[in-house]
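Student: I am new to this structure and would like to take a careful look at one part of it rather than the whole. Could you pick out the contacts made by rings and sulfur atoms, and show me how they fit into their surroundings?

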Amino acid sequence: MALLLRFVVLIPLILSFVAFVLTNLALFAGHQQGFMEDYAVIRLNASMLGQNVLRGDQESGGGSDDGDDGSILDRVKDKVHDLGDGVKGKIGHVIGDVAGELGISDWYSIHIMNACQGGFGPNATTTHFKLDVTNCTLSSPSNRFNLTDVLDQELSLGPLHLSLADIQWPDSIQDRIGNLNSALLALFVFYVLGVGFSGLSMLACIPAFLLQDKKILLLANTALASLAAAAITLGSVIATAASCIAADAINKAGEKVTLAAYKGTKFFAITWIAAVFMVVSTLFWAGKLMMLRRREKKERERYPKERF
């Protein structure tokens with residue numbers, strides 16, 4: 001029985017180890033090009049960017065009186081003309097491919113430590129997107145992801161040489177991304193703390209396994225596990241709330257230009273699993289500490305000190 005109780009300590013050790021690994025993965029997802037790209041905090045789909053504006057130009061018969069808005073459609077028409085007879089005159093049909101014709105990426109993803117961009121692979125479907133990463137940029141407190149600057153540069157270098165003003169880009173989109181960037185800085189701090197405390201909690205299980213129920217070890221393990229659980233849980237709450245709020249706000253602001261934002265459900269999965277595992281580990285050590293105190297209390301009642 002004593003041997004079995006000794007090996008029970010392996011449960012929080014395994015839980016802490018898994019939480020340590022998952023928190024690291026959440027922190028470093030996307031840190032290198034193509035590494036866990038599916039696990040972004042939020043992803044922006046720009047493959048349909050400008051679709052509504054271009055359709056509006058087409059339906060209005062050329063846009064404003066000065067012809068500036070109509071020039072966008074004229075340039076797209078010229079581009080379509082070069083594609084061949086099969087698509088000539090079918091502007092509404094090919095507008096879904098306008099992002100590629102504008103020279104911008106199909107998607108942009110925001111991770112905790114960086115941002116990436118790329119295109120949808122040839123095997124992409126409506127239910128599963130194959131992500132081809134073309135570029136990733138590191139972020140820092142002074143250099144966070146700025147979608148407005150990225151798109152403005154890509155549009156100006158594209159074959160149609162457009163600007164954000166040409167597609168009626170809402171400035172509020174970058175404001176929403178800026179709010180998300182601020183949340184990601186706090187998220188980075190909590191995840192670093194979560195990695196550190198979960199790692200220490202994992203290591204602290206070793207002396208607890210060798211020396212069994214020592215009060216100082218149980219106190220240390222309970223403290224470390226609770227700190228790790230608090231840090232990872234707070235990080236998970238911030239990530240979930242910030243991503244949901246940002247996605248809803250970007251979708252609302254970007255509806256005019258057909259920019260879509262998607263929450264990182266896979267990212268949520270690994271961060272909440274890590275949080276739950278550390279909470280269970282905390283409850284385990286807290287339970288053992290309570291059992292030890294009850295046992296000590298019973299022993300004091302059974303063998304009271306002699307009074308002189």
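Tutor: A good place to start is Lys266, which lies over the face of Tyr39, at 5.9 Å from the ring centre; please keep in mind that this is a predicted model. A second arrangement of this kind involves Arg43, whose charged end sits over the ring of Trp107, 5.0 Å from the centre of that ring.

To see what surrounds such rings, we can turn to the nonpolar interior. The largest nonpolar core holds 60 residues, and the members that touch the most others are Leu44, Leu49, Leu147, Trp169, Ile173, Leu259 and Phe267. At least two residues of this core come from each of several elements, including strand E1 (42-45), strand E2, helix H2 (10-28) and helix H7 (147-157), as well as helices H8, H9 (215-254) and H10. Helix H9 gives the most, with 11 residues. If we look closely at Ile173 and set aside residues up to four places away in sequence, we find that Ile173 touches Leu147, Ile250, Ala253, Gly254, Val257 and Leu259. Apart from this largest core lies another one, of 5 residues, and among them are Trp107, Cys116, Leu131 and Val133.

Cys116 brings us to the sulfur atoms, for a disulfide joins Cys116 to Cys136, with 2.0 Å from S to S. The link is right-handed, with 105° about the S-S bond. Because Cys116 lies in strand E3 and Cys136 in strand E4, the pair ties together parts that are 20 residues apart in sequence. Both Cys116 and Cys136 are buried, and Cys116 also stands opposite Cys136 of strand E4 in the strand pairing. Elsewhere, Cys205 counts as buried at 0% relative accessibility, whereas Cys244, at 24%, counts as partly exposed.

The strands that carry the disulfide deserve a moment of their own. Strand E3, which covers residues 114-120, is mostly covered, since 6 of its 7 residues are buried. On one hand, strand E3 runs antiparallel to strand E4 (residues 131-138), and 7 bridges join them. On the other hand, strand E3 pairs with strand E2 (residues 107-110), again in the antiparallel sense, over 4 bridges. Within that second pairing, Ala115 is the bridge partner of Ile110, and E2 and E3 form a hairpin with 3 residues between them.

We can finish with rings that face other rings, for a search of the whole structure finds 2 aromatic pairs. One of them is made by Tyr191 and Phe267, which are stacked at 6.2 Å centre to centre, with 15° between the planes. Tyr191 lies in helix H8 (residues 172-211) and Phe267 in helix H10 (residues 265-302), so this pair ties together parts that are 76 residues apart in sequence. Tyr191 counts as buried because its relative accessibility is 1%, and Phe267 is buried as well, with a relative accessible area of 0%. The remaining pair consists of Phe284 and Trp285, which are arranged edge-to-face, 5.2 Å from centre to centre and with 85° between their planes. Both Phe284 and Trp285 are buried too.

Conventions
Residues numbered from 1 in each chain as written. Predicted model: local features only at pLDDT ≥ 70, side-chain atom pairs only at ≥ 80, totals over all residues. Heavy atoms only, no water. Buried < 20%, exposed > 50% of the residue type's maximum accessible area, 1.4 Å probe, protein only. Pairing = 2+ DSSP bridges. Phe/Tyr/Trp six-rings, centres within 6.5 Å; stacked < 30°, edge-to-face > 60°. Lys NZ or Arg CZ within 6 Å of the ring centre and 35° of its normal. Core = buried A, V, L, I, M, F, W, Y, C linked by side-chain atoms within 4.5 Å. Contact = heavy atoms within 4.5 Å. Disulfide = S-S within 2.5 Å.
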